[in-house]
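Here is a short note for a colleague who is opening this entry for the first time. Please keep the sequence and the model side by side while reading.

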Amino acid sequence: MCGIIGYVGNEECAPILLEGLRRLEYRGYDSAGVAVHDGTELRVLRAAGKLTALGDALARTPVHGTTGIGHTRWATHGKPSEHNAHPHVSGGIAVVHNGIIENHVELKQRLKAEGREFLSDTDTEIVAHLVDLATQRGLDLFEALRSALREIRGAYAIAVMSKSDPARIVLAKNASPLVVGIGDGVMLAASDVPALLSHTRDVIFLEDGEMAEITRAKVRLERVDGTRVDRAPVRITWSLMQAERGGYKHFMLKEIHEQPRALEDTLRGRVVLETGDFEAGEMGIGDDDAKTVKRVILLACGTSYHAALHGRYLLEGLARVPAVAELASEFRYRNPVVGPGDLVVAVSQSGETADTLAAAKEAKERGARILAVVNVQGSAIARMAHGTLYTHAGPEIGVASTKCFTAQLAALTMLSIYLGRRRGAVTREVGVALLAELVAVPNKMRDVLATARHIETVARSIMHARDALFLGRGLSSAVALEGALKLKEISYVHAEGYAGGEMKHGPLALVDRDMPVVCLLPSDSTLEKMQSNVQEVRARDGQVIAVVDDDKAAASLAAHTLKVPPTHEWFTPLLTSIPLQLLSYYVADLRGTDVDQPRNLAKTVTVE
Ligand code: M6R
């Protein structure tokens with residue numbers, strides 16, 4: 001996600017801002033910019049692309065001053081470009097923002113009606129206008145930001161500067177990270193600690209609902225509701241590398257732990273709890289389109305293909321529309337029957353996978369409507385599609401996909417309920433009940449993540465296995481396939497994922513005392529059949545690791561149980577995927593493999 005840096009001190013700040021942004025590069029970005037107070041004016045420079053482009057712009061047009069803010073942007077609203085890069089300016093106000101303003105559409109309409117002109121496609125520019133309007137009403141910068149915050153809903157880390165305040169930055173945080181660094185006569189703010197470490201190790205982490213004001217000498221901390229906050233700084237002892245990973249040993253582990261937030265961000269601004277429905281304007285699927293879709297074809301590769309397989313269950317079960325999931329890498333080789341009436345959903349974390357792109361293009365040429373479910377704004381698949389449904393998981397750096405997988409499951413759940421509501425397959429009442437549970441899932445994910453230590457112990461018991469089997473039925477079958485892929489790609493343990501019903505048709509021959517068999521046993525309609533699978537494995541001395549939402553499900557038969565909280569059966573995969581990711585992670589780490597960069601694999605596969 002985006003990176004924010006702010007500096008109030010005595011040195012020329014442009015190089016400091018640029019260096020801070022470099023320290024945040026690991027977060028991913030597509031454009032960057034700075035605003036520096038030169039004593040009289042706010043000087044703003046922005047550039048699309050890498051930080052070298054911003055560095056070149058600064059070399060051509062140097063800006064001088066000792067107070068400034070900087071930003072690296074990971075596009076969410078509006079494509080990656082210079083005019084969408086931050087800072088955004090209104091009057092004498094410059095703003096950088098990380099997050100998503102949920103009510104940006106209505107606020108933009110109102111501000112436009114009041115004569116405000118918008119120069120970007122971003123949600124952030126609204127904040128600049130709101131703060132500017134509030135300062136024009138006579139509020140000082142801190143109070144102006146507070147007044148703006150009362151109008152916006154959503155996730156944000158915000159840093160604001162004013163032309164009339166040459167040595168002050170005001171800040172706010174809700175659901176996106178922001179940390180203040182306290183130096184000697186110098187104050188900084190940043191999205192993450194690595195950007196601060198060359199200046200200070202004394203930091204204050206802002207909490208949700210808090211605001212701060214930094215000047216050279218002072219930090220003022222308050223809640224948006226006006227309550228004063230007294231928080232002592234903490235001393236950071238992490239190395240720079242640890243800091244980039246938020247203290248986690250690997251990006252993959254960090255990303256596994258980011259899943260509750262990724263899910264919240266993917267649902268944010270789209271869920272309408274009152275009507276049991278989703279707002280998904282960017283999909284470009286109107287009510288009539290939803291009713292007339294004859295078939296959905298999901299195209300994807302690798303982990304995204306497993307999300308697509310689950311999407312097939314969701315689309316048929318919830319929307320009652322015929323659905324198939326196809327390996328994009330195979331699609332074109334069989335002269336597919338596809339055309340008008342088909343909705344082709346291209347699922348891809350990167351949005352650049354060559355096979356998925358080529359398959360979607362072929363379907364488009366044959367007259368199908370293309371919907372891109374991708375994580376990267378403006379990526380090739382997003383550009384060629386008729387509509388997009390972005391997963392807002394933030395950049396994924398570990399080669400093994402984790403948070404993007406669960407965000408894809410969530411996006412396909414949204415699509416299914418959206419189509420189901422319009423096709424009459426999901427009533428308002430059912431929709432309301434489903435969404436009420438869906439928004440509770442992020443906290444249940446947190447409960448699963450809290451069991452990581454136990455999962456590490458289980459991983460220790462299977463770390464020397466040569467092979468492993470993953471079994472699940474129905475809504476858990478795609479999770480089983482994904483569990484096996486995760487284990488093999490990062491730990492190099494040979495693993496197979498099977499629908500439970502297939503076990504007797506071959507893989508059972510492999511089961512012996514050396515074979516860990518991971519069985520997905522949530523309390524749904526497949527439980528009894530899965531329990532039979534467990535018996536069959538036990539009868540051959542196989543070592544059962546049961547993923548359960550009820551301790552009784554595996555009773556005495558499992559060597560180990562991995563527990564998740566109960567949820568609606570449609571959402572169980574959002575929870576059961578997590579222990580499997582952690583199991584693979586710990587096995588790989590214990591075996592000493594290169595977890596984030598497994599051998600022979602690339603994060604984005606741009607060749608067919
Ligand atoms: O970017 P995409 O989602 O299109 O990538 C598809 C696969 O290459 C990807 O999921 C791959 O299987 C990952 N290494 C899985 O962890």
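Which residues are closest to the ligand, and how many surround it? The points below start there and then move through the rest of the chain.

1. **Ligand shell.** This is a predicted model. In it, 14 residues surround the ligand. The closest are S304, S348, S350, T353 and E489.

2. **Polar contacts.** Three contacts to ligand oxygen are worth displaying. A polar side-chain atom of S350 sits 2.6 Å from an oxygen atom of the ligand. Q349 contributes through its backbone: a polar atom there is 2.6 Å from a ligand oxygen. K486 uses a polar side-chain atom, 3.0 Å from an oxygen of the ligand. The ligand on its own has 410 Å² of accessible area, and the protein covers 91% of that.

3. **Helices at the ligand.** Two helices deserve a label here. α10 (302–319) and α18 each provide at least two residues of the shell. The biggest contribution comes from α10, with three residues.

4. **Domains.** The domain assignment splits the protein chain into three parts: domain 1 (3–237), domain 2 (246–439) and domain 3 (443–595). Taken over C-alpha atoms, the centres of domain 1 and domain 3 are 44 Å apart.

5. **Strand β22.** Is β22 enclosed or open to the outside? Strand β22 covers residues 467–472, and five of these six residues are buried, so the rest of the structure largely encloses the strand. Buried here means under 20% relative accessible area.

6. **Partners of β22.** Strand β23 (residues 494–499) pairs with β22 in the parallel sense, over six bridges. Within that pairing, D467 has H494 of β23 as its bridge partner. From β22 the chain passes through helix α18 (residues 477–491) to reach β23, and this β-α-β crossover is right-handed. α18 is also one of the helices named in point 3 as supplying the ligand shell. Strand β24 (residues 516–521) pairs with β22 too, again in the parallel sense, over three bridges. There, L469 is matched with V517 of β24.

7. **An eight-stranded sheet.** In what order do the strands of the open sheet run? Eight strands make up this sheet, in the order β3-β2-β4-β1-β10-β9-β11-β14, with antiparallel pairing. β3 (42–48) and β14 (234–235) are the edge strands, each pairing on one side only. At the β14 end, strand β11 (residues 202–205) runs antiparallel to β14 and is joined to it by two bridges. D202 stands opposite R235 of β14.

8. **Strand β6 and its hairpin.** β6 (residues 93–101) is mostly covered: nine of its nine residues are buried. Strand β5 (residues 88–90) runs antiparallel to β6, with three bridges between them. S90 has I93 as its bridge partner in β6. Two residues lie between the strands of this hairpin, and G91 takes a positive phi near 55 degrees.

9. **β6 and β7.** β6 also pairs with strand β7 (residues 154–162), in the antiparallel sense and over nine bridges. V95 and V160 of β7 are bridge partners in this pairing. One general point helps when viewing such strands: in a regular strand, side chains alternate between the two faces of the sheet.

Conventions:
Residues numbered from 1 in each chain as written. Predicted model: local features only at pLDDT ≥ 70, side-chain atom pairs only at ≥ 80, totals over all residues. Heavy atoms only, no water. Domains from an automatic or database assignment. Buried < 20%, exposed > 50% of the residue type's maximum accessible area, 1.4 Å probe, protein only. Helix = DSSP H or I, 4+ residues; strand = E, 2+ residues; numbered from the N terminus. Pairing = 2+ DSSP bridges. Right-handed = clockwise from strand over helix to strand, strands pointing away. Near = heavy atom within 4 Å. Polar contact = N/O pair within 3.5 Å; in protein donor to acceptor, adjacent residues only side chain to side chain. Areas by Shrake-Rupley, 256 points an atom, 1.4 Å probe, with all protein chains shown as cover.
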